[in-house]
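The questions below ask how terms are applied to a model. Each answer sets a value against a definition.

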Amino acid sequence: MIKRLLSPLSNFIQKRFDVFIAKRLPPARKVTLNNNNIFIFPTAMGFCYLAIVFLLFLLGTNYQNNVIILLSYLMASMFITISLASFFNVKGVQFSSKKEYVGFSDKPIVVNVSVNADLPRFNYLLQYPGHSLSIFDQLKDKQTLPLTWQAPSRGVFKPGRIKVVSEYAYGLFRVWSWLDFDHQLVVFPTPRPITSKQLAACEDGNEEGRRTEIARDGDEFIELSNYREGESLSRIAWKQLARGQGKYTKQYHQILGEAKYLSFEHLPPVSVEHKLEFLTYLILEYSQNDASFGLDLPTIRIDIGHGEEHKLACLTALARYPLSHSSSTVSDSELTPKKAKANIVEGLS
Amino acid sequence: MAGARANFQLSKADYSHLLLTQAFTILLFFNELTSWMLSLIALSILWQVAQLAKSRGTLALTINTSETNENTSQVSSYASNLSLLGRETARAGVVRKKRLPLISRLKPTPKLVVMLFALTGAGIIIANGRSLGLLLSMVHLICFAYGIKSLEIKSRKDFYQLILIGLFLQACALIFIQSLWFTMLVIAVAVLNLGLLYRYFSASAGWKLPITRSGKLLVYSVPLAAALFVFFPRLSPFWQVPLAEKAKTGLSDEVSPGDIANLARSDELAFRVEFFSNAPSKGQMYWRAMTLPYFDGQSWKRSPEGRTASYLNLPADISRAAGQSYQYQVMLEPSNQRWLYSLDTPFVDANEASSSLKISRQYDYSLINERPINATKSYQVTSFSGAVRGQNMPRSFKHFFTNIPENNNPRLTELGIELAQTYANKRDIINQTLIHFREQAYFYTLQPPRLNKNGRSLDQFYFDTRSGFCEHYASSFAFLMRAAGIPARVITGYLGGEYNQQGNYYSIYQYDAHAWTEVWLEDEGWIAIDPTAAVSPDRVSDSMSDALRQQRVNLAGSFSWQAFSSAAWMLKIRMQIEAIDYQWNRFILSYTMDKQDELLRQLLGDGRLWKAALIIALTFLSMIGLLWLRNQWLSREKVNTVWQKQFKRVLKLLNLQGFTREQWQSPHKLVEPLNNAKMGLGSQYEDLYKLYQQLSYQPMVDKQRDKLARKFQKSSQGFIKDLKQTR
């Protein structure tokens, strides 16, 4: 009840805070932490320390014991030097990061933040609020810090600011700041393997003659060919290798072959998300075999092409496919995406 | 913070550091804790050490989350750092990269063991509670809690508590001892404690850096602390606090033969005196502590059994303050007794009235404080050597001071009566007795033969054994005088002192304890007579007193500091160290409210309160400013390593000699002109430049880099030398 009453207030505060932060830490590729954007406040431990100092002062005064009084002054004074040390531990560190990172929805997305520290820095914790924490004991010179961000579903996300925290020195102070790289994370659907049989079953007979040979006896395996550099390890014929007959790769033919457009029509009648996952798998498979392919979605059509860039473009298109268009034939509760967060950028923007 | 509770772990090194800190902190209370408590805490620490040693089987966690990154940072070994970002973290996991350092997973202490320790400790405190008193019981309790807390560190909070209790305890140790050396020890232990906390937040830093960093931070904090100490108003106690009931040291309020001889075996410092102008000769420095007028047949006492002597509260009768006056400051070591020391006839300086000591002068001209001296204190006194005291003594007092028990030491009593009949002049009686001591075979010894305790001990000494220590002479002399009808009393105190040239003060040790007498004569009042001086007349002379002192020093223990430092150079060092300690006492320990008030008045004059506040604020700001500048400088300095600076120097030197290049040109451009101008230097420069480039761009291990950097420095130094020579 109280929570509900307070929520407009907290929303308001959050909004004001966002405006305040945005002013001090505008989105940028490179952020240098300095006087303007570092926040510092004593921790609970810091307040306890102060309480002990005060207690010692009382003790010294009551016993008229100058040494204890002196020591309490020394500790109080040290509180200030420690605050400076904590502040200097963060001041002047440069963070930079590129804008866009990609990944699949089943795995955490790794976002690399480069750091440039002129002096050794200690006890750094970086985190997207609500996501996993990355702890770095020491930062030295130039290095890359990998952060992870677990996507709730496929899509394009703006994870927001990264919180940088350090309690270095004695844990008496928490020094923190926000890094706003305006990150955009493109989360591809999780690849879902589809067998050629399934694919064949829904293959439309009237499809143009781009169809490739279909495995006749149910087994997609066609032949062994000499291994070429760069081919997937999963395709190596290990049996032959073990027998010492040389390195071969198994060739599967049913989904390879001539260039074709991948589209929903070729897929079994499952939910859209399910279909997107199949498509992800197919795109990966095609790319792995360096085959040419195109993508034909209701919202976008990507011409036939090949290569890494093309693959990324296709996967991005899948990620950007509107979530709300769940006009699926079969409702598959297991596959419905988890409730997306407010900061998801939906559809094609 | 809830999420972190379960997996808090201290690394093995941190744990050892913690145990070390604990051990040192407890050792600071070595004199205060009962041996039971000490052994219990020692047992707890040893138990943990054993557990730590047993946990060899460390376990390595290797979690690789991301293959793509070449992250070189070490990941904190503390999962507990999790809690840092607050509650949301509890839901999210931690990403650990690379190989985690070995974590020694200590098994949690069995509940039974903890219970056993806790119950034993509680038992010890309860059993000793009565004899310990409130303060020491509290100290026991906190030390005990601190000692066994480390058995159960389950979360970061527990760890923090340990650190904070440790800091508090370390400061509390200063309640009992405040000497400079002990303070330094306490600060060292506090730095060790803070180092542990530092280490927790920079796990990769090893053990050296945390301690040096903590020490440095402490040093940076000194200016503000000093400003606060000098200028922040000292407050009076808010409430009464329990005092440590500690053993009394020094003189006691009764003297029977043998007491002072025991005291003479102690080489503890009793007090120190600084004279403001001239000082009397050492032989004249009779530091009075108290008078002992009651004789019970065995020993001389300050007050009768079980009662307080009310006559002492009468105003002192001083007819004339004449003779040489000495003004001096006495700095007392804590004795847990109330008496203060002064020469002859003391006048307490007026400004002492409001100091932390409440001094009153008693009827017998001795000074006494209201409460026992439990910390180093100082006071100022002016003494007059020739004052006439107690000239108008009432008849009742004359009777009181000639009172001797009946049937006690009959031979001495008889001798006294005989003397009184022989000599009409009382002066003659005194002189005759002193002549007797001098001319007969009386010996001065610290190990006198045993005397019977049958009320005839003084007889035995005076007529038979004839060898004794100062209290033998003083007791029998006073007794004899009383028997002869002369009012007399025994005085205890100290004689002489050791002059410290560096500090310009005298140190009086327990082995300087002395007993002498005062007799009352009709026209002169009370006069001091030292019968011991009659035995060894040389004792009044400085050289003899030193020789006697040497004898006592030797007795006080051949391994004592004093005996050890008899060599001249050692003596000098010892004097220097003691002088430093004295200054510490003078400026830090004796900086009371009044002293502060006086100093601020002299220094700042009117409006001293806001001026003091201003000074504190300025110190505060300048401290921050200086540290800020230092940080700026450091971050600029760190950009250039030594070899980089060295190369810059080479380029600058070359530039001075006319070998210039444009800003955009590589330093390699200089090789040709150098070759043309100076034979051989060109190639030397080229080699140097190659090394520089190697250092700058070639990836290598730290060790290798250091080696190369040394090589670079050597060759660049050679180059600079050659360059200067060929000029």
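**Helix, burial and core**

Q: Why does the span of helix 5 (residues 156-172) of chain B agree with what is expected?
A: The expected span is 1.5 Å times one less than the number of residues, so the 17 residues of helix 5 should span 24 Å, and its end C-alpha atoms are 24 Å apart. A helix here is a DSSP run of H or I with at least four residues, and a strand is a run of E with at least two, numbered from the N terminus.

Q: What kind of model is this, and how is it numbered?
A: This is a predicted model, in which local features need pLDDT of at least 70, side-chain atom pairs count only at pLDDT 80 or more, and totals for chains, interfaces and linings use all residues. Residues are numbered from 1 along each chain as its sequence is written, while chains are lettered from A and ligands numbered from 1 in the order in which they are written.

Q: What makes a residue of helix 5 of chain B count as buried, and which ones do?
A: Buried means that 20 or more other C-beta atoms, placed from the backbone, lie within 10 Å of its own (exposed: 12 or fewer; partly exposed: in between). Among the buried residues of this helix are Phe159(B), Leu162(B) and Cys172(B). Their cover includes helix 2 (44-62) and helix 3 (66-90) of chain A.

Q: What makes a set of residues a nonpolar core, and which members of the largest one touch the most others?
A: Such a core consists of buried Ala, Val, Leu, Ile, Met, Phe, Trp, Tyr and Cys residues joined through C-beta atoms within 7 Å. The largest has 137 residues, and Ile68(A), Leu71(A), Leu318(A), Cys143(B) and Leu174(B) touch the most other members. Helix 3 of chain A gives the most to this core, 15 residues.

Note on methods: Two residues are in contact if their C-beta atoms, placed from the backbone, lie within 7 Å.
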